[in-house]
Amino acid sequence: MGLSCGCVCWKWGSPLRRWRPDGGLAGFSKLLSTAALAPQICIVGSGPAGFYTAQHLLKHHQLAQVDIYEKLPVPFGLVRFGVAPDHPEVKNVINTFTQTARSDRCSFYGNVTIGKDVMVEELEQAYHAVVLSYGAEDNRILGIPGENLSGVYSARAFVGWYNGLPENRDLKPDLSSETAVVLGQGNVALDVARILLSPLDTLRKTDITEGSLAAIACSRVKRVWLVGRRGPLQVAFTIKELREMINLPGTRPLLDSADFTGLGDAIKDVPRPRKRLTELMVKSALETPGEREAGRWASATKEWGLKFRRSPLEVLPAADGKQARGVRLAVTRLEGSGESARAVPTGEMEELECGLVLSSIGYRSLPLDPSVPFDPKLGIIPNSLGRVQGVPGLYCSGWVKRGPTGVIITTMNDSFDTAQSVLEDLQSGVLNLSDTKEGFKSLRSVLHSRGVHPVTFSDWEKIDAAEVARGKLAGKPREKIVDLQEMLQLIGH
Amino acid sequence: PPSSLPSPTVAPDRVTVHFINRDGETLTTTAKEGESLLEVVVNQNLSIDGFGACEGTLACSTCHLIFEENVFQKLDAITDEEMDMLDLAYGLTDTSRLGCQVCVKKAMDGLTVQVPMEVADLRKGLEVGKQSK
């Protein structure tokens with residue numbers, strides 16, 4: 001046994017060395033009860049955080065039983081419902097998660113809502129350790145007048161809509177106007193812009209839902225502005241996604257050269273990632289395009305652009321008072337530089353005409369259960385290295401631990417970190433294994449009495465097979481089932 | 001006997017590669033010429049946590065490896081697509097590459113690569129550099 005940096009490998013000695021059968025039944029039943037020495041660990045949430053935490057625990061502890069709970073009947077969280085349909089490679093992590101779910105010491109229990117069907121305190125009674133990995137299901141609000149007008153949606157809901165998240169199924173976004181404004185300049189903002197402007201033939205071959213594909217086919221949106229409060233040096237999107245947008249067939253970029261002149265000097269000494277990202281924007285804005293690109297831009301029927309130093313003040317209503325017709329923006333200037341630059345109003349204002357407003361200013365976690373500490377200002381569960389403050393035996397990983405930013409690798413590292421804390425606490429005795437816990441066994445009957453029927457991983461695999469089969473008929477990787485009842489009926493619930 | 005005789009336990013068409021894992025342990029294995037370093041890790045079932053999440057499709061940076069300077073210089077040129085993903089890797093160095101884009105060659109026999117430390121190992125309260133989704 002050794003605790004080395006980054007990896008705990010903790011093996012029990014052979015059970016035979018600890019429990020010597022005395023020849024009678026009593027001795028053998030003691031042998032069988034070594035199962036009681038297996039840590040019972042519960043994970044709430046089956047997205048990347050939940051699965052990477054489970055993976056690390058199972059790999060580095062030879063006896064741990066890990067149960068993953070999920071409120072939906074289907075697993076994988078944002079990998080299924082957040083990653084854009086035209087980014088299937090990013091979803092390859094589902095393969096490794098599937099392997100984890102199928103392993104002997106792992107069980108998946110879908111269709112169980114923690115905080116409603118069963119409380120965290122009940123989980124703590126059933127398990128030695130409970131890890132909260134339930135992510136960020138809500139979004140930050142703008143807090144400006146007109147935010148609730150028709151035609152205004154959070155990017156989170158729009159992404160949920162085209163990705164088949166059941167709760168966003170009936171969004172019916174209004175795509176009847178020519179111009180859309182996305183507030184925010186992160187990768188989610190680029191995703192929604194790209195899905196709005198992509199050639200239909202591209203979208204048709206993805207796992208975008210049938211319903212949203214039909215709506216986008218009737219869309220009149222030709223122009224998407226991505227509006228940010230700060231400048232080009234503060235954009236939050238990354239270079240691969242920007243490159244994709246610049247090269248999007250049938251579109252041309254609208255970049256104001258005034259925003260980019262002189263930026264070359266400002267980035268001389270910044271780290272390579274920011275430098276290359278800025279150089280790509282500068283090149284697209286200031287350099288004469290090559291022949292092929294010039295031809296593409298000339299024949300483009302759709303366009304997208306970046307507007308900087310504009311902060312939303314109000315969504316303006318149309319004559320009927322119900323529909324969005326534009327956004328009033330405050331012109332800002334920057335104080336400070338780099339990542340910590342602040343946008344300060346100049347007093348000047350502008351109006352930008354549009355019929356569709358998507359706010360893409362961040363996801364937000366919600367408190368789960370009164371017994372779990374939650375910081376509403378930061379939107380996270382207060383913790384130290386994944387150990388929830390003041391609650392021994394309770395841990396957290398992923399966005400609910402750190403905040404809702406980062407790509408899958410960020411969450412992966414973070415989840416390994418939390419798993420590490422659990423493993424350390426198992427080894428040091430902070431988590432007391434002689435305190436027998438029964439895991440799911442002790443919850444089964446109470447869930448049943450509450451009318452809750454968990455969906456197993458092999459149930460999910462039936463839903464998965466049905467989606468893939470339906471998709472095949474349409475030339476898509478899958479046709480997602482967007483109705484909860486339909487999912488449950490398919491598996492005989 | 002001449003010291004240049006190949007080890008009898010390594011087949012002549014296989015290349016020896018050493019991976020220095022995050023915990024300092026060296027994992028030594030052999031690879032077929034033309035295999036990417038990600039394929040080596042997968043095919044040889046090496047115990048490197050979270051390696052190759054996107055399965056070699058340039059959609060993540062989890063196969064990030066650090067090379068020795070002289071070896072790094074001789075690798076095939078890096079593409080923009082690889083650099084775009086490498087830019088998001090933790091602990092990026094001047095001799096970093098993505099393992100899924102580097103293919104083993106005979107001349108690399110005895111190659112040693114370092115698996116970079118994750119954020120998890122920089123635990124003394126260092127603030128994680130923010131990367132937006």
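# A guided tour of a predicted two-chain model

Begin by selecting A:Cys354, which counts as buried at 5% relative accessibility. The model is a predicted one, and the stops below move from its cysteines to chain B, then to the cavity and to several sites in chain A.

**Cysteines**

Next, select B:Cys63, which is likewise buried, with a relative accessible area of 3%. Display its sulfur together with that of B:Cys100, the closest cysteine sulfur, at 3.8 Å. A disulfide requires the two sulfur atoms to lie within 2.5 Å, so the separation of B:Cys63 and B:Cys100 is too far for a bond. Over all chains, the structure holds zero disulfides.

**Chain B as a whole**

Colour chain B by secondary structure. Three helices and five strands appear, and along the sequence they follow the pattern β-β-α-β-α-α-β-β. Chain B has 133 residues, of which 47% count as buried. Among its contacts with a separation of 6 or more, 61% join residues 24 or more positions apart. If a surface is drawn for chain B, the exposed area is about 6,900 Å², and carbon and sulfur atoms supply 53% of that area.

**The cavity**

How many cavities of 30 Å³ or more does the model contain? The count comes to one. The largest cavity encloses about 110 Å³ of space. To centre the view on this cavity, select A:Ile409, B:Arg22, B:Ser61, B:Pro116 and B:Glu118, the closest to its centre of the 13 lining residues. The lining of the largest cavity divides into seven nonpolar, four polar and two charged residues. Then highlight helix H17 of chain A (residues 408-428), which gives the most to this lining, with three residues.

**Along helix H17 to A:Thr418**

Stay on helix H17 of chain A and select A:Thr418, which is found there. A:Thr418 counts as buried, at 0% relative accessibility. Draw a C-alpha distance from A:Thr418 to A:Gly386: the two are 32 residues apart in sequence and 4.7 Å apart in space. Beyond residues up to four places away in sequence, A:Thr418 touches A:Val131, A:Leu385, A:Gly386, A:Tyr395, A:Cys396, A:Ser397 and A:Lys401.

**The loop at A:Leu385 and strand E19**

One of those contacts, A:Leu385, is the next selection. A:Leu385 is found in the loop between strand E18 (383-384) and strand E19 (387-388) of chain A. Its phi is near 55 degrees, a positive value in a residue other than glycine. Most residues other than glycine have a negative phi. A:Leu385 is partly exposed, with a relative accessible area of 30%.

Move on to A:Val388, in strand E19 of chain A. Is A:Val388 buried or exposed? At 5% relative accessibility, A:Val388 counts as buried. Leaving aside neighbours within four places in sequence, A:Val388 is in contact with A:Pro373, A:Ile381, A:Pro382, A:Asn383, A:Leu394, A:Tyr395 and A:Cys396. For a distance back towards helix H17, select A:Phe416: its C-alpha atom and that of A:Val388 are separated by 16 Å, with these positions 28 residues apart along the chain.

**A second positive phi**

Select A:Arg309, in the loop between strand E12 (302-307) and strand E13 (310-317) of chain A. A:Arg309 is not a glycine, although its phi is positive, at about 55 degrees. A:Arg309 counts as partly exposed, at 23% relative accessibility.

**Helix H7**

Now select residues 155-162 of chain A, helix H7. Why is this helix largely enclosed by the rest of the structure? Eight of its eight residues are buried, so helix H7 is largely enclosed. The buried residues of H7(A) are A:Ala155, A:Arg156, A:Ala157, A:Phe158, A:Val159, A:Gly160, A:Trp161 and A:Tyr162. Following H7(A) is A:Gly164, whose phi is positive, near 80 degrees.

**Helix H19 and A:Arg470**

The last selection is A:Arg470, found in helix H19 (residues 457-473) of chain A. A:Arg470 is partly exposed, with a relative accessible area of 36%. Apart from neighbours within four places in sequence, A:Arg470 is in contact with A:Glu479, A:Ile481, A:Glu486 and A:Leu490. Of these contacts, A:Ile481 is 11 residues from A:Arg470 along the chain, and their C-alpha atoms are separated by 9.5 Å.

Terms used: Residues numbered from 1 in each chain as written. Chains lettered and ligands numbered in written order. Predicted model: local features only at pLDDT ≥ 70, side-chain atom pairs only at ≥ 80, totals over all residues. Heavy atoms only, no water. Buried < 20%, exposed > 50% of the residue type's maximum accessible area, 1.4 Å probe, protein only. 1 Å grid on protein atoms, 1.4 Å probe; cavity = no way out; pocket = protein on both sides within 12 Å on 5 of 7 lines; lining within 4 Å. Points joined across faces, edges and corners; volume = space filled by probe spheres on them. Helix = DSSP H or I, 4+ residues; strand = E, 2+ residues; numbered from the N terminus. Nonpolar A, V, L, I, M, F, W, Y, C, P; charged D, E, K, R; others polar. Contact = heavy atoms within 4.5 Å. Areas by Shrake-Rupley, 256 points an atom, 1.4 Å probe, with all protein chains shown as cover.
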